[in-house]
Amino acid sequence: MSENREKITYDTQKLQEWKAEYDKITVPGEALERVKKGIQMAEQETEKEQEPKAGKRKDAAGADIMKEKRNKTYVILKRAFATAAAILLVITGAVNLGGSTVAHAIERIPVIGTIAKVVTFRSYEDTTNHFEADIKVPQIEESVHETQNESQNEGKQGEKEEQELFQKSLENTNKTIEEYAQSLIDMYESDLAASNGEGNYSLKSDYEIVRETDKYLVLRINTLLVMAGGAQSSRIFNIDKITGEILKLDYFFQEDSNYADVISDNIKEQMLSQMEKDENVTYFIQSDEEEWGFDKITDDTQFYFADNGDLVISFDEYEVAPGFMGAVDFTIPRDKIAGLLKPDISVS
Amino acid sequence: MKELIENALLKNYEKYYRLAYSYVENEADALDIVQESAYKAMKRCENVKEEAYIETWLYRIVMNTSCDLLRRKKRLSECTYDEQAEPPAAGSDIGASLDVHNALQKLDERERTIVVLRYFEDMKLEQVAAITGENVNTTKSRLYRALRKLRAVMEGEGVYE
């Protein structure tokens, strides 16, 4: 007991000493300048966002509060436009579509490293006998880093490094996507080789942008394999537009929270209630009799967040249900997971 | 609100710098973090609804920006994966040779944040928890874990001199 107390006193003393050392960490004079620079950068960008609007609206001499309100609307509209533009690019697969207006709108989203385009990097197409494959391989392109702040470009070693890091992780992300697509192509080729020219086989894979916000890009690759029956599968990539990295489910949730249990339980509840309501619906839920049914989500579970903050969990065909159910999605209402998300991370 | 945040940034920048420094342990990165945090704060000032929350919020931005930078650095040097990603730059940084840095290096990022905020910035446990985004009990148990680790450093002090 008394030994313990001694230790605590000793701790406190040592901590006091450390605090003194901590307080003595020299703050370079540059620190204040850099804070000001950060503030200035933000302000300049905000001004830039306002410019086109100020030009159109000559009556902008109104009260400041009003002005602020209008600006907000403008920003939202602009973002919506940027998203629409990005989707358009995907659907047509054209890179330079829409000319400068579109590119301009995309590049003005104020993010440091910006993912702006998803393009079909290559298509794999083949028809041999009754075998056919059409596999689109998407890749993410970085927007041209526009000289958004010319005045700030000098001496920005830090930003340059950050840019390099961003490119590196974007490369990794693209590699992961490419590898997944390549695995589909490999599967097709080996199945074809094994077929001796017999049988019917169709493998089609395309991709879509499920969602795009300022911060996230959700890219989903949908694959349909038809042999005797069909098999639907998909792979969803949640990409952090700022770092270029692929985010797994655990990125969004607090480390100590039991999010996996909460989500899994909710899925099971939904499975049970659907089965109860409709006798044609069947899911595999793990139990003593059915040991390979669904038990718990993992960090590799496919997911994305919907615009309203609901979490969508997606399973491939056969993964949690018999084939006739196809691929299935479950929506976990946002209020079920609200308390488990990392508070500083916004999913919308 | 925007003005209040700007004022807070200009008033407390030394604190933010020190916190950033305690993560990255070199001047250049700490300066980058301070700038980036100021930028982020100004861009998102609409998110703050109450004045009382500004301080907590700013610390949180600094903490997250620091962690992001560390995370990215770690990922880059993944091939040389060692428990502490990089040794502090030799000599050039005065702080790196300090006892307190040896000690903080023994802690993971979360523990470091909690110790720094609780003891060096004299915050209440509740406020620390608000910054780290965890509940008070979790924060408390992390703090104890950190203190246990630190005690090991204290006791084996000679080794680190």
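How close do the axes of H5(B) and helix H6 of chain B come, and at what angle do they cross? Keep that question in mind as you open the structure; the tour reaches it at the third stop. The model in your viewer is a predicted one.

**Stop 1: the two chains**

Begin by colouring the model by chain. Select chain B, where you will find eight helices and zero strands. Following its sequence gives the pattern α-α-α-α-α-α-α-α. Chain B has 161 residues, and buried residues make up 53% of them. It exposes about 7,800 Å², of which carbon and sulfur atoms supply 48%. Now look at how chain B is held together along its sequence: among its contacts between residues at least 6 apart, 66% join residues at least 24 apart.

Next, select chain A. Here there are seven helices and eight strands. Chain A has 348 residues, and 44% of them count as buried. Its exposed area is about 18,800 Å², with carbon and sulfur atoms supplying 50%. Among the contacts of chain A between residues at least 6 apart in sequence, 63% join residues at least 24 apart.

**Stop 2: helix H1 of chain B and its partner H5**

Return to chain B and select residues 2–24, helix H1, together with residues 109–120, helix H5. A pair of packed helices is described by the angle between the axes and the distance between them. In this pair the angle is about 145° and the axes are 10 Å apart. The crossing of H1(B) and H5(B) is right-handed. To see the contact itself, show side chains for B:Leu19, B:Ser22 and B:Tyr23 on H1(B), then B:Glu109, B:Arg112, B:Thr113, B:Val116 and B:Leu117 on H5(B). By class, these are four nonpolar, two polar and two charged residues.

Zoom in on B:Ser22, which sits in helix H1 of chain B. Is this residue buried or exposed? B:Ser22 is buried, because its relative accessible area is 1%, and the cut-off for buried is under 20%. Setting aside neighbours within four places in sequence, B:Ser22 touches A:Tyr22 from chain A, as well as B:His101, B:Leu104, B:Arg112 and B:Val116. Try a distance label from B:Ser22 to B:Val100 too: the two are 78 residues apart in sequence, with 9.3 Å between their C-alpha atoms.

**Stop 3: H5 meets H6**

Keep H5(B) on screen and add residues 125–132, helix H6 of chain B. Here is the answer to the opening question: the two axes come within 9 Å and cross at roughly 140°. H5(B) passes H6(B) in a right-handed crossing. On H5(B), select B:Thr113, B:Ile114, B:Leu117 and B:Arg118; on H6(B), select B:Leu125, B:Val128, B:Ile131 and B:Thr132. Five of these contact residues are nonpolar, two are polar and one is charged.

**Stop 4: the nonpolar cores**

In soluble globular proteins, nonpolar side chains tend to be buried together. To look at the largest nonpolar core in this model, which has 60 residues, select B:Ile5, B:Leu9, B:Tyr17, B:Leu58 and B:Leu150, the members with the most contacts inside it. Helix H1(B) gives the most to this core, with eleven residues.

Stay on B:Tyr17 for a moment and display what surrounds it. Beyond neighbours within four places in sequence, B:Tyr17 is in contact with A:Ile25, A:Thr26, A:Val27, A:Pro28 and A:Ala31 of chain A, and with B:Glu27, B:Ala30, B:Leu31 and B:Val34 of chain B. Apart from the largest core lies another, of 32 residues, including A:Tyr251, A:Met271, A:Val281 and A:Leu341.

**Stop 5: two strands of chain A**

Finish in chain A. Select residues 328–332, strand S8, and find A:Val328 there. With 8% relative accessibility, A:Val328 counts as buried. Its contacts, leaving aside neighbours within four places in sequence, are A:Tyr283, A:Ile313, A:Ser314, A:Phe315 and A:Val320. A:Val328 and A:Ser233 are 95 residues apart along the chain, and their C-alpha atoms are separated by 9.6 Å.

The last selection is residues 201–212, strand S3 of chain A, which holds A:Ser202. A:Ser202 is buried as well, at 13% relative accessibility. Not counting neighbours within four places in sequence, A:Ser202 is in contact with A:Glu132, A:Leu224, A:Leu225 and A:Val226.

Technical notes. Residues are numbered from 1 along each chain as its sequence is written. Chains are lettered from A and ligands numbered from 1 in the order in which they are written. This is a predicted model: local features need pLDDT of at least 70, side-chain atom pairs count only at pLDDT 80 or more; totals for chains, interfaces and linings use all residues. Side-chain values use heavy atoms; hydrogens and water are left out. Helices (H or I, at least four residues) and strands (E, at least two) are DSSP runs, numbered from the N terminus. Buried means under 20% relative accessible area, exposed over 50%, partly exposed in between (1.4 Å probe, protein chains only). Contact means heavy atoms within 4.5 Å. Axes are lines fitted to C-alpha atoms, for helices over the stretch in contact, and angles run from 0 to 180 degrees between N-to-C directions. A crossing is left-handed if the near helix is turned anticlockwise from the far one by less than a right angle, and right-handed if clockwise. Ala, Val, Leu, Ile, Met, Phe, Trp, Tyr, Cys and Pro count as nonpolar, Asp, Glu, Lys and Arg as charged, and the others, Gly among them, as polar. Accessible areas come from the Shrake-Rupley method with a 1.4 Å probe; for residues, only the protein chains shown count as cover. A nonpolar core is a set of buried Ala, Val, Leu, Ile, Met, Phe, Trp, Tyr and Cys residues joined through side-chain atoms within 4.5 Å.
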